[in-house]
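Hi,

Here is the structure I said I would pass on. Have a look at it first, and my notes follow underneath.

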Amino acid sequence: MYQIYPRSFADGNGDGVGDLVGMRERIDHLVDLGVDAVWLSPIFVSPMADFGYDVADYCRVDPLFGGDEAFGTLLTALHERGIRVVLDWVPNHSSDQHPWFVESRSSRSSPKRDWYVWRDPAPDGGPPNNWLAQFLDRPAWTLDEATGQYYLHLFLDRQPDLDWSNPDVEAAMHETLRHWMERGVDGFRADVVHLIGKGRELRDLPEELRGMTVVAIDEPFTHELLRRIRSVLDASPQQAMMVGEVYLLQPGQVVRYLGAGDELQLAFDFRTVHVPWSADALRRVIAANQAEFAEPAWPTFVLSNHDQPRHRTRFGSNARARAAAVMSLTMRATPFLFAGEELGLEDAVIPAARVVDPDGRDGCRAPLPWTDAPDHGWPADAWLPFPPDAGRLAADVQRRDPTSMFSLYRSPLRLRRERAVLRRGSFELLDTGAELIGWRRVHGADATVTVVNLSDEPVDLPAAAAGVLLASSVAGRDRLEQQLAPDEAIVVDVAA
Ligand code: GLC
């Protein structure tokens, strides 16, 4: 699955912001890369206080991205090339400009008042509980002077929380899923979906958890809601899927959101998004991910997204990013790629005057360079600066170069397509010594071993990796050597 941040992918109409026409013009890039599906970060009508994660109409595409018509055309074009389409669905909160909230806010007796979470002030006039808003160093409640009550917003004050304990809200949100499923969408990525079942009690959090309110809410009611969402998805002819952003960080917490196979199909495990380039740390995170998402569950594997520094930046070198590609694409998991990682992009350096995100996440959201011309294929000044080395890393340049990051990504992606063992094979971590991590996957008579050298020195190839080289992160390597180079990852066919 390939995540596209629509504002930053490709600009079709020359206004400096990426759009759906631009995406359609770049479908060849996705096909050549070899991805199965794209997830588009939010494209719905939005005032863009959180760049689309503040939705003002769940059933219409924002004109900035080309509107409904451009989406219909893009969806057809992607389906024709065999690529499925997953939309970002933001169920926990809407925009304060959504007509539901405008009405809800209008008076205490509004029929939509209880679509959002309104509460009287605490006895001292302050906020109703001690929760803090993400991105803001202040309470998750804003007082509406006109009606004398506070509304809850776990994120910006322009992102009021919907009240999912109200059956009318639940029904209306189910309708938004049906709307897109009827148009042929294949699935959804559900934004901070663990928060929707916060319920009616809204108890204070222990003092030490207040600063992490959005990762501390984990309520049984959410599971009930997810089972009903799953029924809505399963009722679609295409059996639409849902991957959830379940931003919980304690061992075993996230997998519970797959229920007994009757809640989310997939959920992100964000431990991999924070892990440093260290054999110990990676081994621990991979072991935990695989153990918690053992059969019949199924894990995801994600190194980068639109909320965190890119792993090319985090890991600190191109060689490491290349090894990470072989690692993530040979894992027992659904790998999620973040657009631009196949070009080896680093985060852009954003001068203070150009910072636009309320949480400073602009660097990883920099536009993709398509050509080495000065405009990099963006007809107007792009909304954010380009990443470092944009000319050298431009997609057109890399396509022509068999040693490029783009060419590297194609190889394990092709292997994964061709070999069931890399998709469905079992998974066993190997004991490969301190500097290496390695695993073996078996499917019928096929077996592969992946080994990654995380040290700065060459290391002898472990016996378990004897076989035929299928891919290496080191450009030009076409057969197994006695040693793995520093930061090299290989995948080997070890079948008898
Ligand atoms: C999720 C999104 C993030 C957004 C937030 C609020 O964490 O990934 O980009 O700002 O939810 O919707």
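Let me start with the domains, bearing in mind that this is a predicted model. The centres of domain 1 and domain 2, taken over C-alpha atoms, are 30 Å apart. Where those two meet, domain 1 puts 22 residues into the contact and domain 2 puts in 13. In sequence terms, domain 1 comes in two pieces, 2-90 + 167-416, while domain 2 runs over 99-152 and domain 3 over 426-494.

Now for what sits between domain 1 and domain 2. Together they bury about 1,600 Å², and 62% of that is on carbon and sulfur atoms. On the domain 1 side, V169, L202 and R210 lose the most area to domain 2; the three together make up 31% of what that side buries. Helix α6 (residues 167-182) is the element that gives the most to this side, with four residues. By residue type, the side of domain 1 that touches domain 2 splits into 10 nonpolar, two polar and 10 charged.

So what about salt bridges between domain 1 and domain 2: how many are there? The count is zero. Polar contacts do turn up, though: seven residue pairs across the interface of domain 1 and domain 2, both partners at pLDDT 80 or more.

Stepping back to the whole protein, I get 15 helices and 20 strands. The radius of gyration is 23 Å, close to the 23 Å that the globule rule gives for 496 residues, so the protein is as compact as a globular protein of that length. The box filled by the C-alpha atoms is roughly 75 × 45 × 45 Å along the principal axes.

Salt bridges in the protein come to 36. One of them pairs the side chains of D157 and R138, at 3.6 Å from N to O. D157 is in the loop between β8 (149-152) and α6, and R138 is in the loop between β6 (118-119) and β7 (141-144), so the pair links parts of the chain 19 residues apart.

Some backbone details you may want to check before setting anything up:

- E295 and P296 are joined by a cis peptide bond, with omega about 5°; P296 is in the loop between α9 (279-292) and β12 (300-302).
- F135 is not a glycine, yet has a positive phi of about 80°; it lies in the loop between β6 and β7.
- D487, also not a glycine, has a positive phi of about 60°, and is found in the loop between β19 (483-484) and β20 (489-493).

Cheers

Technical notes
Residues numbered from 1 in each chain as written. Predicted model: local features only at pLDDT ≥ 70, side-chain atom pairs only at ≥ 80, totals over all residues. Heavy atoms only, no water. Domains from an automatic or database assignment. Contact = heavy atoms within 4.5 Å. Buried area = accessible area lost by both parts, 1.4 Å probe. Salt bridge = Lys/Arg side-chain N within 4 Å of Asp/Glu carboxyl O. Polar contact = N/O pair within 3.5 Å; in protein donor to acceptor, adjacent residues only side chain to side chain. Helix = DSSP H or I, 4+ residues; strand = E, 2+ residues; numbered from the N terminus. Nonpolar A, V, L, I, M, F, W, Y, C, P; charged D, E, K, R; others polar. Rg over C-alpha atoms; globule rule 2.2 N^0.38 Å.
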